[in-house]
Amino acid sequence: MADLASRISKPSDAPADGPSAPAAAAAPAQDNGNGAEEPVDDGIQRGLIEPAYDVEVKLADLQADTESPLYSVQSFEELGLPKSINDGLLAMNFKKPSKIQERALPLMISNPPTNMIAQSQSGTGKTAAFVLTVLSRIDFSKPTQPQALLLAPSRELARQIQGVIQTVGQFCENLIVEAAIPGSISRETGVKSSVVVGTPGTVMDLIRRRQFDVSQLKVLVIDEADNMLDQQGMGDQCIRVKGMLPKTIQILLFSATFPDKVMNYARKYAPNSNEIKLRHQELTVKGISQMYMDCPDESKKYDTLCKLYGLMTIGSSVIFVKTRDSANEIQRRMEADGHKVSALHGAHEGQNRDALLDDFRSGRSKVLITTNVLARGIDVSSVSMVINYDIPMKGYGDKEPDAETYLHRIGRTGRFGRVGVSISFVYDRKSFEALSQIAEFYGIDLIQLAPDDWDRTEKKVQEVIKSSRAKPDYAPNALGN
Ligand SMILES: Nc1ncnc2c1ncn2[C@@H]1O[C@H](COP(=O)(O)OP(=O)(O)OP(=O)(O)O)[C@@H](O)[C@H]1O
């Protein structure tokens, strides 16, 4: 049995990670809904929760730190991308590539095209890395001929990636990007774009019904590839889709996590790939202060959640629960108790899901209760807190802790150098052991919050949320070799 306390630190008065901050509340981020930042002229990105008191660490400092996953030696110009694409990056105020972008891009855009399996911590810019590659391969004189296909596990992530392609590609003439998600492509027209971003089931249906001409596809990207290729998940669908595509297609697989078991599938799926991999001790983002709350019993979890509501609304927060029913139930109870929350999960109809996420992105709603459907990839820079109401578990009878899902869930905060807090609720031996094993796996020390000392709990959480940016030396060892 794992040593329960070995990775879990006792409460202390020492400040939580992050520069200390005065008492002003952090401003909500300016997310443009595309995962891109609004440009500003102060040399810092808006959307990075920039309260006046944050003078300690700028993104530029983080990107100059050799230990940071955001570090690079080259500029985007030096990576040899076409001007129209560089102009898009400028408009997004992307000043320097992150480490994954700097390392993966030259390998991916070179000819002859080579497959890639690439891993990098959550929120470090994997999307732009593959989007830039896709755009560099498109022949813009054939705007309605499908040339690139990107697959993602959820409609929300597919739409988000579509938005990033449109934003980065805003100066590429005749760029047409379509989402292939349920209800998005009319039977009459079929696919009429050069870039298609979709979920595997819908893409497979479109190809089978001959509404999607795949004969000229040059590049296939699979985001969240470990999840997508997992035989327990969408592995079969992804294999079938690949079987319908040209044999010469360049395949790019991206994720923050690649468990060994799935890595074997990945290597078969994308043979002779270049690989950029991390060790699991390098995976956590140090800007995320990982905390846990030892609740007296399961029923007290809800009371604890309500007590945290004030802290949740300093920025935006995501509450992860195991089932759709518990998402609905917690929403119902919290609303009855006077809190403003929304719930998004797979039982909702597609357009409703889109509207709920759009509201969350824009800050119209600030607390979102959801299931694992939003655990991966979703990029909303204002998220300063993630709550694991249930510790993610996997396997038959939920026997094993799901370390990958834990990492993706908490990675909804702390995006690209920002700071955030994750709070995991434990309430019995099983949940405590599961969290201990996850902490052990990643080599992290979790900070305990005391449910009976709210002053201290609030202080600890506020110290992080209001500090706004990770210090350079919080960054992990970054990419392995
Ligand atoms: N070079 C850059 N400079 C500034 N910001 C960037 C840069 N590259 C990406 N970003 C921003 O960083 C944020 C996180 O990027 P992205 O969503 O691609 O992360 P990711 O690595 O795919 O994370 P996840 O593993 O959670 O999917 C986005 O808001 C994106 O706009």
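**Sheet**

I began with strand 2 (residues 116-119), which is joined to strand 8 by three bridges, the two running parallel. I note that this is a predicted model. Within this pair, I found Met116 opposite Asn274 of strand 8.

I then traced the whole sheet: seven strands, open, in the order 4-5-3-6-7-2-8, with parallel pairing. I looked up its edges and found strand 4 (177-180) and strand 8 (274-276) there; each has a single partner strand, so one side of each lacks a neighbour in the sheet. I recorded an average twist of 15 degrees from one strand to the next.

**Asp223**

I located Asp223 in strand 6 (residues 219-223). Is Asp223 buried or exposed? I count Asp223 as buried because its relative accessibility is 4%, below the 20% cut-off for that class.

I listed the contacts of Asp223, leaving aside neighbours within four places in sequence. They are Phe130, Leu151, Ala152, Pro153, Leu157, Ile161, Met228 and Phe254. I also checked Asp223 against Gly190: the two are 33 residues apart in sequence, and their C-alpha atoms are 23 Å apart in space.

**Helix 2 and the annotated motif**

I consulted the UniProt record, an unreviewed entry, which places the feature "short sequence motif: Q motif" at residues 74-102. Over residues 74-102 I noted 45% helix and 0% strand, with the end C-alpha atoms 7 Å apart.

I turned next to helix 2 (residues 83-91), where the buried residues are Ile85, Asn86, Gly88 and Leu89. Seen down the helix axis, these buried residues fall within an arc of 150 degrees, so they line one face of helix 2. For background, residues three or four places apart in an α-helix point the same way, because there are 3.6 residues a turn.

Against which helices do the buried residues of helix 2 pack? I found helix 4 (126-137) and helix 5 (155-168). On the face of helix 2 turned away from the buried side, I noted the exposed residues Lys83 and Leu90. After helix 2 comes Asn93, and I recorded its phi as positive, near 65 degrees.

**Cysteines**

How many disulfides are there? I counted zero, taking a sulfur pair within 2.5 Å as the criterion. Cys295 is in no disulfide, and the nearest cysteine sulfur, that of Cys306, lies 12 Å away. I entered Cys295 as buried because its relative accessible area is 2%. Cys172 is likewise entered as buried, with a relative accessible area of 7%.

Technical notes. Residues are numbered from 1 along each chain as its sequence is written. This is a predicted model: local features need pLDDT of at least 70, side-chain atom pairs count only at pLDDT 80 or more; totals for chains, interfaces and linings use all residues. Side-chain values use heavy atoms; hydrogens and water are left out. Helices (H or I, at least four residues) and strands (E, at least two) are DSSP runs, numbered from the N terminus. Buried means under 20% relative accessible area, exposed over 50%, partly exposed in between (1.4 Å probe, protein chains only). Contact means heavy atoms within 4.5 Å. UniProt positions are given in the numbering used here, feature names are shortened, and annotations may be inferred rather than shown by experiment. Two strands pair if DSSP finds at least two bridges between them. Axes are lines fitted to C-alpha atoms, for helices over the stretch in contact, and angles run from 0 to 180 degrees between N-to-C directions. The arc is that of the directions from the helix axis to the C-beta atoms.
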